Amino acid sequence: MKTSGIKVKFSERLYEKLQPIWRENHNHPFVRGIGDGTLDQQKFRFYMIQDYLYLIDYSKVFALGAVKANDVETMGKFASLLNETLNFEMSLHRQYAARFGISEEELEQAKPSPITLAYTHYMLHASQNGTLAELIAALLPCAWSYWEIGKELNEIPGASEHGLYGDWIKMYSSKEFGELATWCIDLLDEHTAEKSERELAKLEEIFLNTTRYEYMFWEMAYNEQMWPGEA
Ligand SMILES: Cc1ncc(CN)c(N)n1
């Protein structure tokens, strides 16, 4: 994309445009509660279970990325992102689950909330039916917004040493997680360099929708929101 002769990366355009929603994520009481250690543990427990279910489907988006990739290097990278999510990020959830007395089986058999289901189904739909660029646009807010949140919370003195929430902050501010997010950002820029404005608008809409779902996921976790009539 070009603005007055200067080529602006698509990720820069997205970053500017979505700041208002991202600020709402950072200011959400769930996120602030992780940062200052005041978050109700029951809400965090609820979140952990829903997030585990979310990450199972999110991993499938990486698998679909490997299917849609046009070169072996990109396929390999998607394969390693799949591995890192299943065996690095999700091991954090398994450790938290053990601390809450929840078995791995219980975790996997838990039922998704309406928001978890809507978010994962939207992402999988966009990934299965769209182009590789659409798949990346759908998955990027997940990696990018958590990295931004992790870095910001890590700046709060003592936050990463908190007995319960410290490990969460360490994970999402880690170099490894940052590399994962950066690779996805760079791949999106690579795949959008030659796209028409019409195609970019579609990608922006997908990115905006999963960004909105990120906010809704925090809301869902804070309110422990399941289906009507279910606790
Ligand atoms: C809902 C959600 N969004 C993003 C992430 C970071 N992979 C996550 N664990 N959960």
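UniProt positions are given in the numbering used here, and annotations of this kind may be inferred rather than shown by experiment. With that reading, the UniProt record (unreviewed entry) places the feature "active site" at Glu214. The structure described below is a predicted model.

The same database lists residues 16-223 for "domain: Thiaminase-2/PQQC", again from an unreviewed entry. Over residues 16-223 the chain is 82% helix and 0% strand. The end C-alpha atoms of this range lie 29 Å apart.

Glu214 belongs to helix α11, which covers residues 197-222. At 1.5 Å a residue, the 26 residues of α11 should span 38 Å, and the 37 Å between the end C-alpha atoms agrees with that value. Several side chains of this helix are buried, among them Leu203, Ile206, Phe207, Tyr213, Phe217 and Trp218. Glu214 is also in the buried set; 22 other C-beta atoms lie within 10 Å of its own, and the threshold for burial is 20 or more. When neighbours within four places in sequence are left aside, Glu214 is in contact with Asn25, Pro141, Cys142 and Ser145.

Glu214 is also part of the shell around the ligand, together with Asp51, Tyr54, Leu55, Glu89, Cys142, Ala143, Tyr146 and Phe217. Cys142 therefore appears both in this shell and among the contacts of Glu214, a residue that is buried because 22 other C-beta atoms lie within 10 Å. Helices α4 (41-68), α8 and α11 each supply at least two residues of the shell. By class, the shell residues divide into 6 nonpolar and 3 charged, with no polar residue.

The largest nonpolar core contains 58 residues. Within this core, Ile136, Ala137, Leu139, Leu140, Ala143, Cys184 and Leu188 touch the most other members. Helix α8 (residues 132-154) contributes the largest share, 14 residues. Ala143 is listed both among these well-connected core members and in the ligand shell.

Two of the core residues were examined further. Ile136 is in contact with Cys184, Leu187, Leu188 and His191, apart from neighbours within four places in sequence. Leu139, located in helix α8, counts as buried because 24 C-beta neighbours lie inside 10 Å. Beyond four places in sequence, Leu139 touches Tyr58, Val61, Met123 and Cys184. Cys184 is thus a contact of Ile136 and of Leu139. Leu139 and Ser59 are separated by 80 residues in sequence, while their C-alpha atoms are 9.9 Å apart in space.

Outside the core, two further positions were considered. Gly76 is found in helix α5 (residues 72-99). With 12 C-beta neighbours inside 10 Å, Gly76 counts as exposed, since the limit for that class is 12 or fewer. The C-alpha atoms of Gly76 and Ala66 are 7.3 Å apart, across 10 residues of sequence.

Glu224 is placed in the segment after α11. Most residues other than glycine have a negative phi. Phi of Glu224, in contrast, is positive, near 45°. Glu224 counts as partly exposed because 15 C-beta neighbours lie inside 10 Å, a number between the limits of 12 and 20 that bound this class.

Terms used:
Residues are numbered from 1 along each chain as its sequence is written. This is a predicted model: local features need pLDDT of at least 70, side-chain atom pairs count only at pLDDT 80 or more; totals for chains, interfaces and linings use all residues. Helices (H or I, at least four residues) and strands (E, at least two) are DSSP runs, numbered from the N terminus. The expected span of a helix is 1.5 Å times one less than its number of residues. A nonpolar core is a set of buried Ala, Val, Leu, Ile, Met, Phe, Trp, Tyr and Cys residues joined through C-beta atoms within 7 Å. Two residues are in contact if their C-beta atoms, placed from the backbone, lie within 7 Å. A residue is near a molecule or strand if its C-beta atom, placed from the backbone, lies within 6 Å of it. Ala, Val, Leu, Ile, Met, Phe, Trp, Tyr, Cys and Pro count as nonpolar, Asp, Glu, Lys and Arg as charged, and the others, Gly among them, as polar.
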